[in-house]
Each structure stands twice: as C-alpha cells, then as structure tokens.
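Reader: I have a model open and want to learn to read it. Where do we start?

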Amino acid sequence: MSATAAVAPPLRHSRPSPLNPNVTATATTARPSSVNTRTHLANLDRLLVRPPPLPLPLPPYHKKTPADEPRVEVDAIPDDDRSGRGGLLNALNLSTFLPFTRKPAADEMSPRSLAHMQRLLTLSPRPSPRGSIAAEWRRYHGEGAWAGLVDPLDQNLRREVLRYGDFVQAAYAAFHSMPSSATHSHCQHRTLVLPDRSYRATRSLFATSSLSIPPWAQRQSAPKWLTQRSSFVGYVAVCDNEREVQRMGRRDIVVVLRGTATCPEWAENLRTGLVPVSDDGDVSPQQHAPKVAKGFLSLYKTAGDHVPSLSDAIVEEVRRLVEVYKGEELSVTVVGHSLGASLAVLAADELSACLAADAESKCTAADGHRPPPIAVVSFGGPKTGNRAFADRLRHERGVNVLRVVNAGDVVTRVPGLATPTTIAEGYVHAGGADLRLDSRDSPCLRPDAGPACCHDLEAYLHLLDGFAGSGRPFRADASRSVAGLLAFQRSNVKRAYLERARVLGFEPAAATASGSGDGQYGYLASPT
C-alpha cells in the first residue's frame, strides 16, 4: 500500500470534535462508532486547565474507605462490576454478557487533550450561543411540524430542545431529593432549582394513582415514598426575563413532567386497555371514539387526598398565567420524558380545548383574540392513544408533537401488546415530527448499550447535543458535560473514557436514592 493510500490528507479549516477528533465539522463519514476508541480519545487531552507535568499511568482500582475520603462518592468501577444504576430496566441489559473490544490500560495524554476533557467533565452545562428566533418563533414552536428544522437539525432548535430536556432533569432531581413531599400543589417544591434562570417556577404538580399497594405487598425495608399514591411529578414555569422574551419573540409557559418513579406509577403503566377520553361527556361512535391508555388517564385525572388532580392543577395554573400576561404574545410548551411524555400529550389535548373555549368566550369581532399555540416536546415517550385521539390532537386541537426518539429505546414502541382491543383499534404515536437519535453514534457510549441507557434522559440529551443529521458524524463542537453519563450510566460508557476520567481525578458525585423505573435519578449532587 502506498503512502498516499495509507494516510488521508487532513481537511482544512476544520475544527476537531472533543469527543470524536477524527471527525471534523465538514466531514460526512460513516457512523463514529466504527472509529477506533483510541482515535476518539486522542484529542481528549485538551481539557485540564492545569495539565500534569508528565503522562499519568492508570492508578490501580481500589474502593475508598472512610479513612481515605470522608465524603460519599462514587468511584470508577472495575471491569467485572457492571451492575450500573439503571433501575428495573437494567435487569434487561444483556450487553454485560456480550464480548467487546477493550482498550489497553494506559495511554499517553497530551496537556491540551487533558484540558479539554476537564471542561467536558464540568458539572455546569455549556449552552450553544443564543441566536434570536423572534422572527420565526412559531416555526420553532411547531407551526408546520418543524419542517426543515429536524434533519439536518437546526442549531437553534437543538438549543431550545436541550433546555426543555434540562427542565425535566430538574424535575427528576427535585423529586429524588425530597420524594415524600406531597403537601400542597400551590407551593413550589423546596428543592426545585431550574437550570435556566430566565424561567421561574410558579406551581408544583402532583400525580395520583387510583391504585394503592396492599399492606401485604409492602416491604418494611422499602421507603414509604415508593408506594405512596400521590407524588411530585413536575411543575409549571414561565419565562420572566424580558431579554429572553425578546430573543424568543414571545413569553413561554412551560409544563414539565418527569417519568415513572413509584410502584403505583409502574402499576398504572401496565394498565394498557384503551378507554374513551372526550369533552363534556360527549360520546362518539365507539369505533371512532378518541381513546387513551387507562393507566395514563388514571394518573392524569385522579385527585389525591391533599392535592388536586394533575389535570386540574395544570389547567388552572396555565389559565392563570395566560390571564396574568394577557395582551402579550404567548406560547405553551408541554415537555416530558417517558411516562411524563404521555401525560404531556394528555395535558396538551385538554389545554388546547380549554384555552380555545376561553378565547372564544372573551373575544369580540374586533379584537380577533387567539389562544396561545401549544406544542409538546417528548423524550422517549410511549404511545398514548388510538388513531382517533392522535388525529383529534393534531387536526382539531392544532397540537404538534416533537418526538425525540432513541433507536434502541424499547419504551417508544409500547404499548403494543397483541390484545383484542389493540388489534381492533391499535395504539399510534401522536403526529408532528420525529427527531431520531442512535446510541451507536456516540463516541463515548458502548455500541451494545443496554435498554436502561437507551431510555436514560441524560443519554438522550448527550445524543441530541451531538446530532447533526441522519448519516452525519457526531457533531464536531458538541460540548455538553459527560459527567452525568459517567455518574449514572457507567456500565454503558466505554472503558477507555472511565479510565481517562480516573486519570484526571474525576469522580462523579453519588447518585441520589434509587427508585426511578425509567433509570433516572436526577442531576449530580451539585447546583444546576
């Protein structure tokens, strides 16, 4: 083989990726997972502000004891420890039994590469530059079903969707830091910290299951919150920063909903029978009636002993905010992950009908008052209802759904069991646009990442930050912190990245108490 064939000429005017230095911003090569892991790491030396004077060998693994370190931290795991922290879904992770290529234990690292990896390990997100979307905000909010913005992915849309995903992470963190808090929905959850200070939380939301766990099925060693019927599930927030309102072209009201966390919520997930959901008691012909999953509707409509139903709380608070900011350009965005994505679809359906009715009752022929547009951003959401419901949501209600989907996420394919009901009517996804990701495109996730990782919200946001378009390599300037992946999906991160993190002295903060069936434990133990 000639030298010309062996060494490809470098691309000019290109910027190497911190996660995948072999791929440039202008390159259009195959999936990055096909590139050698050593090559992925070759440029990760650009990360430490203060690089080490000499190349560092990999220190031997040992578990810390209280004498070594008084703080509770999570160490890097050895090769044979692959239990992970993915909750119930990790029980399905067959990747631990599959062979995979391992990287040599030690590599030399240049100071520049170390400096850059230190930045990627920071707990603070590094948002992309904020471009004004005021002139086209309706398009970015779903008008036209995001046509021309999803694939290839528009950089402004990426930033907006990443922010909504971080809002859901904040809901997970707030729940797991105080899971038994279910006092009064008008009070803000005491541990809720929004990652974007342009928004202000105005109301906490609680979901209540119509099911209760019988005493004989409750384990004495299990925490009480695991079986409680009512739990903090999210919040309503509004953008109250005038500069951000000007940049976005409107004032955004956001409803944020987390995924499954408690046993009653898991039980509701299994109630997949289709039941009618209609307005004002209207009953459509049975074969054409909009129907949704019984368990999702139960969580959405059931009131608790001390809190209203999720339905009543959302409608009441959004109506209040619309009245507070009447006369302004407004939008309503409902965002959720997993179970929360289906609850978001139900909320958008009801909000659209209620706000349209309010606008009709208040408008005159002269003012031409219109209700604010409503959009849904769904991360890893299951199917919610039948085709009649999906058609009503999009064509009658005017709600578009941006579905962010990981190719390996099995949750996005359910409910889909072959029962007489589903065979006759069938579940379908709500209409809008699909933003399709793939864990195999990530340079730091293992290509055989298990179901827990494929459904993990932080993995979704990592993939979204690097997604440029179908068939394109991981984005050259992706800069989202990988600290969350190292903390909560260590068993699915390539071993070479774990080794590098240990060499750099990075040890992820301890995860909060387990309990989320969706494999989410919230943020790291640091302010968002």
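**Helix pair, then sheet**

Author: Start with α8 and α9, which are oblique to each other. This is a predicted model.

Reader: How are two packed helices described?

Author: Two packed helices are described by the angle between their axes and the distance between the axes. Here, the axes of α8 (residues 294–301) and α9 (residues 310–324) cross at roughly 55° and come within 5 Å. An angle from 65 to 115 degrees would count as roughly perpendicular, and one under 35 as roughly parallel. The crossing is therefore called oblique.

Reader: Which residues in α8 and α9 meet?

Author: From α8, look at L299, Y300 and K301. From α9, look at L310, S311 and I314. By class, this contact has 4 nonpolar, 1 polar and 1 charged residues.

Reader: Now the sheet. How do strands hold together?

Author: Strands of a sheet pair through backbone hydrogen bonds, either parallel or antiparallel. In this model, an open sheet of 7 strands shows mixed pairing. Trace the order β2-β3-β4-β7-β8-β10-β12.

Reader: Which strands are the edge strands?

Author: β2 (199–208) and β12 (432–437). Each pairs on one side only. Neighbouring strands of the sheet are turned by 15° against each other on average, direction ignored.

Reader: What packs on the sheet?

Author: Helix α10 (residues 339–362) does. It touches β3, β4 (251–257), β7 (330–337) and β8 (374–379). The direction of α10 makes about 155° with that of β7.

Reader: How many bridges join β2 to β3?

Author: There are 9, and the two strands run antiparallel. For a landmark, find S204, which stands opposite Y235 in β3.

How values were computed:
Residues are numbered from 1 along each chain as its sequence is written. This is a predicted model: local features need pLDDT of at least 70, side-chain atom pairs count only at pLDDT 80 or more; totals for chains, interfaces and linings use all residues. Side-chain values use heavy atoms; hydrogens and water are left out. Two strands pair if DSSP finds at least two bridges between them. Helices (H or I, at least four residues) and strands (E, at least two) are DSSP runs, numbered from the N terminus. Axes are lines fitted to C-alpha atoms, for helices over the stretch in contact, and angles run from 0 to 180 degrees between N-to-C directions. Contact means heavy atoms within 4.5 Å. Angles under 35 degrees count as roughly parallel, over 145 as roughly antiparallel, 65 to 115 as roughly perpendicular and the rest as oblique. Ala, Val, Leu, Ile, Met, Phe, Trp, Tyr, Cys and Pro count as nonpolar, Asp, Glu, Lys and Arg as charged, and the others, Gly among them, as polar.
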